[in-house]
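This report goes through one protein chain, from the overall fold down to a single helix and a surface patch. Please keep the sequence and the model open while reading.

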Amino acid sequence: MSTTATRALTTAEAPARRLRGSRRSHEGTRAEAAAAWVFLTPFLVLFALFTAIPTVLAVGASMTDMTARDIRDPLGVNFTGLDAFARILGNPAFQSAFLNTIMFVALCVPLSMGLGFALALMLNRGIRRLRTFFRAAAYVPVITNIVAAAVIWQYAFSISGPMNNALGGLGLPQPNWLGEPGWAITTVVMMGVWRTTGTCMILFLAGLQAVPEEIYEAASTDGAGRWRMLWSITLPLLRPTTLLVTVLQTVSFLNIFEEPYLLTRGGPLGSTKSMALWVYEQFGFGNISASMAGSVLLLLLVGIVAIIQFRMLRPKH
């Protein structure tokens, strides 16, 4: 066969090979997509059952006059639109709970992040011996049962508890930690910071260990001190980690419930009652529409704050 004929035959077969290759590629893509949907199906089912559908039902219930008596006949309620939202926004108890929640966020988030970052710095470069022990000790409050921890805190900060005994031995005033509004807020904040500092420490420590050591060595060679390296190298490179920790901590304390509920039941005089605790109490009282409206407002608040934080703290390229 001549060279010209061979070239012509090869040229004629090339489109067929490309067509077969594209078919196999398309079939492979379809198989991968099918496998992906198979693995995603359990998550989508759980998300729909425990998140999407309850959220839609909560929004619907917040626009009715539903009470505990209407649970047996949920379709017999009256549509009221945004009346429930207007009522709770004008409710002094809800306004107080909202301000308390903002206060918890403003106090607990910076304190827990600051302490967690300081511990991460010490465990990453400062402490050489027993490093694993100190890491575990700082993380123990995170995994401690919250009910057991609250019982211990109630005993420790009671009027005749170990904390006041220690203060009395030093000749200092012995406050009513759980019975006075100011001191009750302080106690709840301290417990919230105690519980979440370990999480901040672990996340910041992971971020610090991801920073290449060569950068610090080069900066040290150029004469940069520790504070200069912290400000010009560590903090900028930790920006993604800081964003993650800030969002997680803010969302956690916007939804704060266990600490005020277990320590003070929201008292005294509602000084430690959070929005989540207010929603819980309204549901217990049978005010279904009010509790659902409060939960929707809390969800919107969490979403708005998270979006703002992502825009402000996202890495700059």
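## Overall make-up

Of the 317 residues in the chain, 34% are buried. The model is a predicted one. Its accessible surface comes to about 19500 Å², and carbon and sulfur atoms account for 68% of that area.

The secondary structure consists of 13 helices and zero strands. Along the sequence the pattern therefore reads α-α-α-α-α-α-α-α-α-α-α-α-α, with helices taken as DSSP runs of at least four residues. Among contacts in the chain with a separation of 6 or more, 69% join residues 24 or more positions apart.

## Helix 7

Helix 7 covers residues 181-209, which is 29 residues. What span should a helix of 29 residues have at 1.5 Å a residue? The expected value is 42 Å, and the end C-alpha atoms of helix 7 are 42 Å apart, so the two agree.

Helix 7 also has a bend, of about 35°, located at T196.

## Nonpolar patch and F50

V45, L46, L49, F50, I53 and L57 together make a nonpolar surface patch of about 620 Å². One of these residues, F50, lies in helix 1, which runs over residues 3-62.

Is F50 buried or exposed? Its relative accessibility is 62%, so F50 counts as exposed, the cut-off for that class being over 50%.

On spacing within such an element, an α-helix has 3.6 residues a turn, so residues three or four places apart point the same way.

Conventions:
Residues are numbered from 1 along each chain as its sequence is written. This is a predicted model: local features need pLDDT of at least 70, side-chain atom pairs count only at pLDDT 80 or more; totals for chains, interfaces and linings use all residues. Side-chain values use heavy atoms; hydrogens and water are left out. Helices (H or I, at least four residues) and strands (E, at least two) are DSSP runs, numbered from the N terminus. The expected span of a helix is 1.5 Å times one less than its number of residues. The bend at a residue is the angle between axes fitted to the seven residues ending there and the seven starting there. Patches are made of residues with over 30% relative accessible area and no salt bridge: like charges are joined within 9 Å, nonpolar side chains (Val, Leu, Ile, Met, Phe, Trp, Tyr) within 5 Å. Accessible areas come from the Shrake-Rupley method with a 1.4 Å probe; for residues, only the protein chains shown count as cover. A salt bridge is a side-chain nitrogen of Lys or Arg within 4 Å of a carboxyl oxygen of Asp or Glu. Buried means under 20% relative accessible area, exposed over 50%, partly exposed in between (1.4 Å probe, protein chains only). Contact means heavy atoms within 4.5 Å.
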